[in-house]
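Here's a quick walk through one model, starting with its strands and moving on to its nonpolar packing. Have the viewer open while you read.

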Amino acid sequence: MSSQLKVSIAKIKAIPYGELGRVAHDVSKSLFELNVGVFKGTKPVTQLLFDGATASYLSARTTYKLGGLTNKKAFEDAYDLLIGMMIELAPYVNGIANGDEDIFKLSMLPYTSGANETGLLIERGELAKGLSYKVGTTGKAHVTCDYYGPGAKYICIASEGKPMPEGTKMSLGGQIIFPGGAIVPPFIMNIDGARDKIITDMKPKVDYYLTYIVMCGGFVSDLSVAIIIVCGN
C-alpha cells in the first residue's frame, strides 16, 4: 500500500467523452450496488442524482453529435455536472481506501500515485478557458485565464486587428504552425509563464484578439478560443 495513492482529478477530467458514460455507470454499480460492504457511510452524491446525471450526459452527447452547435451548451452543462459529481466522490473514496490500491481499483475511479498530471490534460487537448481582461493605462491591458492545474505555465498572444489565421496550430512539442499562404497579423506575445499578465505596447482604439496557451511536463496546449480585448487610451 502507498499513502500517496489517491483518486486522480486530472484523470477524471481526461476521460474521453465517448467513454465517460461507461465509466460513470461502472462507478455507480461499484459504489452504490456491488460493493456497499466496502463503500459504507453517507456518500457526497446519491445514486439517484449520479445516475440521472449520467443519463442526461449520454442524452445530451447524442443530441449534440446529431444536432450541431446549437446543442453545444446543453452538452457542456451535462458534462460539467457529471464530471463534478465524480470529483465530489474523490475525497470519499480516498478516505475509504486509505492508500489501499485494491479499493481504489474496486471504486472504478481513476487513481494516481500523487504525481503532477497536468500534462495529461494538455495531451487530451484541454485548452485554456475563462479568458478575461481589464483595461489598463494607455497601451496596456491586464489579462488572465482560469487556473489550469499544478505546475502549469502560461503564454498569451494578442493579435492586432484580427485573429490568427484559421488553421493556426500549436503542437504538443511547442511549435506554432501557420497554414500555407496565411497572412499573420502583427501580434504581441507574453511568455513569462504567469497566468495574470500585463500586455503593453498596444494601440489604443484597436481590437486585439487574445488567446492563451498552457505548458506543463514538456507538453504545450493548442491555442485557446480567442476573446477581443482593448487597452487604455
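In S9, which residue is the bridge partner of Val143? It's Lys197. Bear in mind throughout that this is a predicted model.

That pair belongs to strands S4 and S9, which run antiparallel and are joined by three bridges. Zooming out, the sheet is an open one with three strands, ordered S3-S4-S9 and paired antiparallel. S3 and S9 sit at the edges with a single partner strand each, so one side of each has no neighbour in the sheet. On average, neighbouring strands here are turned by 30° against each other, ignoring direction.

| Strand | Residues |
|---|---|
| S3 | 132-135 |
| S4 | 141-144 |
| S9 | 197-199 |

Now for the packing. In soluble globular proteins, nonpolar side chains tend to be buried together. The largest nonpolar core in this model has 32 residues, and the members touching the most others are Leu20, Val27, Phe50, Met86, Val93 and Leu109. Helices H2 (17-34), H3 (47-67), H4 (72-97) and H5 (101-107) each put in at least two residues, with H4 giving the most at 12 residues.

Met86 is a good one to click on. Leaving out residues up to four places away in sequence, Met86 touches Ile12, Ile15, Leu20, Val23, Val27, Phe50 and Leu109. Leu20, Val27, Phe50 and Leu109 also appear among the core members with the most contacts to other members.

There's also a second, separate core, made of 22 residues, including Ala14, Ala141, Cys145 and Ile199.

Note on methods: Residues are numbered from 1 along each chain as its sequence is written. This is a predicted model: local features need pLDDT of at least 70, side-chain atom pairs count only at pLDDT 80 or more; totals for chains, interfaces and linings use all residues. Side-chain values use heavy atoms; hydrogens and water are left out. A nonpolar core is a set of buried Ala, Val, Leu, Ile, Met, Phe, Trp, Tyr and Cys residues joined through side-chain atoms within 4.5 Å. Buried means under 20% relative accessible area, exposed over 50%, partly exposed in between (1.4 Å probe, protein chains only). Helices (H or I, at least four residues) and strands (E, at least two) are DSSP runs, numbered from the N terminus. Contact means heavy atoms within 4.5 Å. Two strands pair if DSSP finds at least two bridges between them. Axes are lines fitted to C-alpha atoms, for helices over the stretch in contact, and angles run from 0 to 180 degrees between N-to-C directions.
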